[in-house]
Amino acid sequence: MGGPTTGAPRARMIELKTAQELVHMRQAGAVVAKMLQAAAQAVAPGVKTKTLDDVAARVIEQAGAQPAFKGYRGYPATICVSINDEVVHGIPGHRAIREGDVVSIDAGAKVAGYYADAAITVAVGAVPQASQRLINVTKDALAKGIAQALPANRLGDISHIVQGVVEGAGLSIVRDFVGHGIGRALHEDPPIPNFGLPNQGPRLKPGMVLAIEPMVTIGGWEVEVLADGWTAVTKDHSLAAHFEHTVAITEHGPEILTQLESWN
Ligand code: MF3
Ligand code: CO
């Protein structure tokens, strides 16, 4: 870490994107949406998680984009695939997906130097009702969070509503990982916790771009990272789900840059 040798610590800066920067971020967002759509379509019993990575890598290649995750702090793959008690950052490999699994797919892409980042969770075939409910609530929490991404609001309004939806449904919010600003870097200020108080934190302004990403469990919120240095699992091995969108704050309301086609 660099920085000034004297004086107060550098203030956190939330970068405002110009209209031209948003053009590139929209392009990156469209690539990410395609990656998720293609990977989700490939999910089926017997399919190896590495195959989903190959599918996403092909989308990136065909778009002339760059993977956002590969090489990030040494991360070895194009996407993250996290199954059942795996919350985030599962590394694709030879594990085969099974009927009844809850599969979270996280994808990122870079276009013209600008990043987008999104995640979805899908059920494989017939799953227990509790698994489907976990997925539905997590998706709904993200949608309600995005709806608060308005210029008049503060960051805590997003965090608070996400927490309310999740805990109101009797589920738990993971605390060790948070959402983030995004733009010329994959992770920019501000950190976006999925828990917090309304009317707190920085005021939202047009031009801010936020990656909002609730991570939710059926059991406790505590997680641990496996020996591979990446895969985060729930300590109690309860099921987890993860949804994420890259969202631009505009005068007209939130603009989801990673919107999937044929996805409600
Ligand atoms: N969407 C995740 C995040 O924002 C994935 C990035 S971690 C990586 O942290 F290492 F896989 F790149
Ligand atoms: Co993210």
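Colleague: Which residues are the protein donors of the cobalt ion (ligand 2), and how far from it do they lie?

Modeller: This is a predicted model. In it, Asp117 (OD), His180 (NE2), Glu213 (OE) and Glu244 (OE) are the protein donors, lying 2.1 to 2.2 Å from the cobalt ion (ligand 2). Donors are N, O and S atoms within 2.8 Å of such a metal, and these four residues meet that cut-off at 2.1 to 2.2 Å.

Colleague: Why is the arrangement around the cobalt ion (ligand 2) called irregular?

Modeller: The six donor atoms subtend angles of 62 to 170°. Six donors count as octahedral if opposite donors are over 155 degrees apart and all others lie between 65 and 115. An angle of 62° falls outside those limits, so the arrangement is irregular.

Colleague: How are the donor residues of the cobalt ion (ligand 2) spaced in sequence?

Modeller: The spacing is D-x62-H-x32-E-x30-E. Asp117 and Glu213 link distant parts of the chain, being 96 residues apart. Asp117 is in strand 5 (residues 114–123), whereas Glu213 is in the loop between strand 9 (209–212) and strand 10 (215–217). Both of these residues are buried.

Colleague: What surrounds ligand 1?

Modeller: The surrounding residues are Phe69, Tyr72, Tyr75, Cys80, His89, Asp106, Asp117, His180, His187, Glu213, Trp230 and Glu244.

Colleague: What makes the pairing of Asp106 with ligand 1 a polar contact?

Modeller: A nitrogen atom of ligand 1 is 2.7 Å from an N or O atom in the side chain of Asp106. The limit for a pair of N or O atoms is 3.5 Å, so the pair qualifies. For Asp117, an N or O atom of the side chain is 3.0 Å from a nitrogen atom of ligand 1. Glu213 has a polar side-chain atom 3.2 Å from an oxygen atom of ligand 1. The protein buries 95% of the 330 Å² that ligand 1 exposes when taken alone.

Colleague: How do you know that Asp106 is buried?

Modeller: Its relative accessible area is 7%. Buried means under 20%, so Asp106 is buried. Asp106 belongs to strand 4 (residues 102–111). Its C-alpha atom is separated by 5.6 Å from that of Ile79, 27 residues apart along the chain. Leaving aside neighbours within four places in sequence, the contacts of Asp106 include Ile79, Asp117, Glu213 and Glu244.

Colleague: Why is Thr246 called buried?

Modeller: Thr246 has a relative accessible area of 0%, under the 20% limit, and therefore counts as buried. Thr246 is part of strand 14 (residues 245–250). Not counting residues up to four places away in sequence, Thr246 touches ten listed partners, among them Asp117, Ile182, Val209 and Thr258.

Colleague: What is said of the peptide bond that joins Asp189 and Pro190?

Modeller: That bond is cis, with omega about 0°. Pro190 is in strand 8 (residues 188–192).

Colleague: Are Asn84 and His237 buried or exposed?

Modeller: Asn84 has 16% relative accessibility, which is under 20%, so Asn84 counts as buried. His237 has 52%, which is over 50%, so His237 counts as exposed. Asn84 sits in the loop between strand 2 (79–83) and strand 3 (86–88), and its phi is near 55°, a positive value in a residue other than glycine. His237 sits in the loop between strand 12 (232–234) and strand 13 (240–242), with a positive phi near 60°.

Colleague: What makes Pro206 partly exposed?

Modeller: The relative accessible area of Pro206 is 35%. That is neither under 20% nor over 50%, so Pro206 is partly exposed. Pro206 lies in the loop between strand 8 and strand 9. Leaving aside neighbours within four places in sequence, Pro206 is in contact with Leu16, Pro151, Ile249, Thr250 and Glu251. Pro206 and Asp176 are 30 residues apart in sequence and 28 Å apart in space, C-alpha to C-alpha.

Colleague: Why is Gly181 called buried?

Modeller: At a relative accessible area of 1%, Gly181 is under the 20% cut-off and therefore buried. Gly181 is in strand 7 (residues 179–181). Beyond its neighbours within four places in sequence, Gly181 has contacts including His187, Asp189, Pro190 and Val209.

Note on methods. Residues numbered from 1 in each chain as written. Chains lettered and ligands numbered in written order. Predicted model: local features only at pLDDT ≥ 70, side-chain atom pairs only at ≥ 80, totals over all residues. Heavy atoms only, no water. Donors = N, O, S within 2.8 Å, 3.2 Å for Na, K, Ca; no water. Tetrahedral: all angles 85-135°; square planar, octahedral: opposite > 155°, others 65-115°. Helix = DSSP H or I, 4+ residues; strand = E, 2+ residues; numbered from the N terminus. Buried < 20%, exposed > 50% of the residue type's maximum accessible area, 1.4 Å probe, protein only. Near = heavy atom within 4 Å. Polar contact = N/O pair within 3.5 Å; in protein donor to acceptor, adjacent residues only side chain to side chain. Areas by Shrake-Rupley, 256 points an atom, 1.4 Å probe, with all protein chains shown as cover. Contact = heavy atoms within 4.5 Å.
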